[in-house]
Amino acid sequence: MKSVTMEELIEVMKDDAIVIDVRETFEYEAGHVPTAQNIPLSELDSRVDEIKEGSYIICQSGARSMRACQYLEAQGKDVTNVLGGTSAWDGCLAV
């Protein structure tokens with residue numbers, strides 16, 4: 001499984017990287033990485049077609065995003081896990 005650190009994610013976000021936040025909606029609404037789209041892990045199975053190739057998958061700490069990446073890779077998707085999740089974000093979370 002491909003993984004990046006938060007610092008690496010910040011760099012690729014400059015090039016309009018697609019970031020998918022797999023936390024539940026209430027968590028996402030409390031704050032998220034700017035530009036991140038919310039597709040909760042609990043809905044991933046029914047929304048897998050919304051995940052674009054090359055997406056970066058993030059959660060709070062990295063555990064759910066790792067599970068999401070494993071599932072998406074099994075579905076043939078090219079995705080990257082963000083290590084440390086939103087907990088590693090130094091900037092203010094977008095709301």
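Select K2 first in this predicted model: at 42% relative accessibility this residue counts as partly exposed, since values between 20% and 50% fall in that class. Add D78 to the selection, and a salt bridge appears between K2 and D78, with the closest N and O atoms 2.5 Å apart. This pair joins distant parts of the chain, K2 lying in strand β1 (residues 2–4) and D78 in the loop between α4 and β5, 76 residues apart. D78 is likewise partly exposed, at 34% relative accessibility.

Next, select residues 63–74, which make up helix α4; its 12 residues reach 17 Å from the first C-alpha to the last, close to the 16 Å expected at 1.5 Å a residue. Colour S65, A68, C69 and L72, the buried residues of α4, and look down the helix axis: they fall within an arc of 100°, so they line one face of the helix. The cover over these buried residues includes α3 (44–47), β4 (55–58) and β5 (79–82). Just after the helix, G76 takes a positive phi of about 90°.

Stay with S65, whose relative accessible area is 0%, and display its contacts beyond four places in sequence, namely V22, I57, I58, C59, N81 and V82.

From the same helix, pick R64, which forms a salt bridge with E27, the closest N and O atoms being 2.8 Å apart. E27 counts as buried at 18% relative accessibility.

Finally, select E43, R47 and E50, which are linked in a network of salt bridges; within it, the closest N and O atoms of E43 and R47 are 2.8 Å apart.

Technical notes: Residues are numbered from 1 along each chain as its sequence is written. This is a predicted model: local features need pLDDT of at least 70, side-chain atom pairs count only at pLDDT 80 or more; totals for chains, interfaces and linings use all residues. Side-chain values use heavy atoms; hydrogens and water are left out. Helices (H or I, at least four residues) and strands (E, at least two) are DSSP runs, numbered from the N terminus. The expected span of a helix is 1.5 Å times one less than its number of residues. Buried means under 20% relative accessible area, exposed over 50%, partly exposed in between (1.4 Å probe, protein chains only). The arc is that of the directions from the helix axis to the C-beta atoms. Contact means heavy atoms within 4.5 Å. A salt bridge is a side-chain nitrogen of Lys or Arg within 4 Å of a carboxyl oxygen of Asp or Glu.
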